[in-house]
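This report walks through one protein chain, from its loops to its strands. Keep the sequence and the structure open while you read.

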Amino acid sequence: MLLLFGLLSFALSPRAEAGEIIGGHEAKPHSRPYMAYLEFIYDKSYKPQNCGGFLIRENVVLTAAHCLGRTINVTLGAHNIKQKEKSQQNIPMSKAIPHPNYDAKTFSNDIMLLKLKHNAKMNKYVKLLKLPRSRNKFWPGQVCSVAGWGEMLSKSFPDTLQEVELKVQADEKCESQYQYYNPKTQICVGDPKTRKAAFKGDSGGPLVCKNVAQGIVQYGKSDGSSPRVFTKISSFMPWIKSTLRKI
């Protein structure tokens with residue numbers, strides 16, 4: 001899962017890079033119908049870069065703000081991203097709305113809404129993912145999951161969607177390793193004792209806990225080790241709700 005390493009290299013410390021699936025396996029085809037594959041152009045090189053995202057409304061995808069590009073094409077209903085599957089829906093972005101206080105240096109407020117040019121067709125291949133409510137809690141030790149098409153430990157990029165289960169960690173484990181980690185708006189994810197993680201190209205994808213999106217893949221150390229940092233979606237629900245009412 002290619003994460004946007006070219007885009008992020010200027011913003012992350014030498015030992016940190018954005019969030020591939022490590023230690024995971026191929027997902028059952030179309031078992032995660034909310035997943036979105038984002039391809040975008042960031043700079044004058046016009047070299048396409050990739051991120052993940054997930055559908056939260058028929059015409060809105062939630063992803064990471066560091067996945068912002070000049071143009072963004074969204075593919076829904078995909079399993080093998082290298083094939084033109086009949087299940088796929090390709091919809092260009094009409095408007096990108098990164099959080100107004102996103103900071104590319106510290107990765108604070110790393111969240112973005114993408115409005116699509118038209119509604120996606122809801123079916124068994126394309127569905128919405130629930131966002132957290134006050135009663136949707138998660139805790140250190142809880143097992144959640146992440147999926148994406150990012151780079152794997154073999155340095156290759158899979159054609160098919162990969163997934164991995166990860167444990168939520170205590171905030172202290174990330175506070176001791178990442179200078180800008182903020183427990184109010186971020187989640188520490190991934191057991192350092194296991195070789196499992198989200199990695200390059202998985203940025204923007206959801207951390208799913210009990211069928212609810214609790215986090216968004218952000219960044220971690222360049223060796224792919226855990227724990228890694230995720231955006232805490234619950235902290236941004238007021239902004240998400242108010243923004244959705246306007247678009």
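Is H30 buried, exposed or partly exposed? H30 is partly exposed, because its relative accessible area is 24% and the partly exposed class runs between under 20% and over 50%. The model is predicted.

**Backbone exceptions**

H30 lies in the loop between β2 and β3. Its phi is near 65°, a positive value in a residue other than glycine. Most residues other than glycine have a negative phi, and most peptide bonds are trans. N109 is another exception, with a positive phi of about 55° although it is not a glycine. N109 lies in the loop between β7 (89–98) and β8. Buried or exposed? N109 counts as buried, because its relative accessibility of 18% falls under the 20% cut-off.

The table lists the backbone angles of interest.

| Residue or bond | Place | Angle |
|---|---|---|
| H30 | loop between β2 and β3 | phi near 65° |
| N109 | loop between β7 and β8 | phi of about 55° |
| K210 | hairpin of β12 and β13 | phi near 55° |
| G224 | turn of the β13 and β14 hairpin | phi of about 80° |
| S226 and P227 | P227 in the loop between β13 and β14 | omega of about 5° |

The last row is a peptide bond. S226 and P227 are joined in the cis form.

**The salt bridge**

How many salt bridges does the structure hold? There is one. Its partners are R32 and E163, whose closest N and O atoms are 2.9 Å apart. The pair links distant parts of the chain, with the two positions 131 residues apart in sequence numbering. R32 sits in the loop between β2 (25–26) and β3 (35–41), while E163 belongs to strand β10 (residues 162–167). R32 therefore shares its loop, the one between β2 and β3, with H30.

Both partners fall under the 20% cut-off for buried residues. R32 is buried, with a relative accessible area of 12%. E163 is buried too, at 15%.

**The strands near the C-terminal end of the numbering**

Start with β12 (residues 206–209). This strand pairs with β13 in the antiparallel sense over four bridges. Within that pairing, V208 stands opposite A213 in β13. The two strands form a hairpin with two residues between them, and K210 takes a positive phi there.

Next comes β13 (residues 212–221), which is joined to β14 by four bridges and runs antiparallel to it. Ten of the ten residues of β13 are buried, so the strand is largely enclosed by the rest of the structure. Y219 is one residue of β13. Y219 counts as buried, at 6% relative accessibility. Y219 stands opposite V229 in β14. Y219 and D202 are 17 residues apart in sequence, and their C-alpha atoms are 9.4 Å apart in space.

A second hairpin follows. β13 and β14 have six residues between them, and G224 in the turn has a positive phi. P227 is also in the loop between these two strands, on one side of the cis bond with S226.

How many residues of β14 (residues 228–232) are buried? Five of the five are, so β14 is largely enclosed by the rest of the structure. Besides β13, strand β11 (residues 186–189) also pairs with β14, in the antiparallel sense and over four bridges. I187 has F230 as its bridge partner in β14.

In a regular strand the side chains alternate between the two faces of the sheet.

**Surface and totals**

Which residues form a positive surface patch? They are K130, R133, R135, K241, R245 and K246. R135 is placed in the loop between β8 (112–116) and β9 (143–148). R135 is exposed, because its relative accessible area of 62% is over the 50% cut-off.

The protein chain has three helices and 14 strands. Buried residues make up 57% of its 247 residues. The chain exposes about 11,300 Å², of which carbon and sulfur atoms supply 50%.

Note on methods. Residues are numbered from 1 along each chain as its sequence is written. This is a predicted model: local features need pLDDT of at least 70, side-chain atom pairs count only at pLDDT 80 or more; totals for chains, interfaces and linings use all residues. Side-chain values use heavy atoms; hydrogens and water are left out. A salt bridge is a side-chain nitrogen of Lys or Arg within 4 Å of a carboxyl oxygen of Asp or Glu. Buried means under 20% relative accessible area, exposed over 50%, partly exposed in between (1.4 Å probe, protein chains only). Two strands pair if DSSP finds at least two bridges between them. Patches are made of residues with over 30% relative accessible area and no salt bridge: like charges are joined within 9 Å, nonpolar side chains (Val, Leu, Ile, Met, Phe, Trp, Tyr) within 5 Å. Accessible areas come from the Shrake-Rupley method with a 1.4 Å probe; for residues, only the protein chains shown count as cover. Lys and Arg count as positive and Asp and Glu as negative; His and the chain ends are not counted. The place of a charge is taken as NZ of Lys, CZ of Arg, CG of Asp or CD of Glu.
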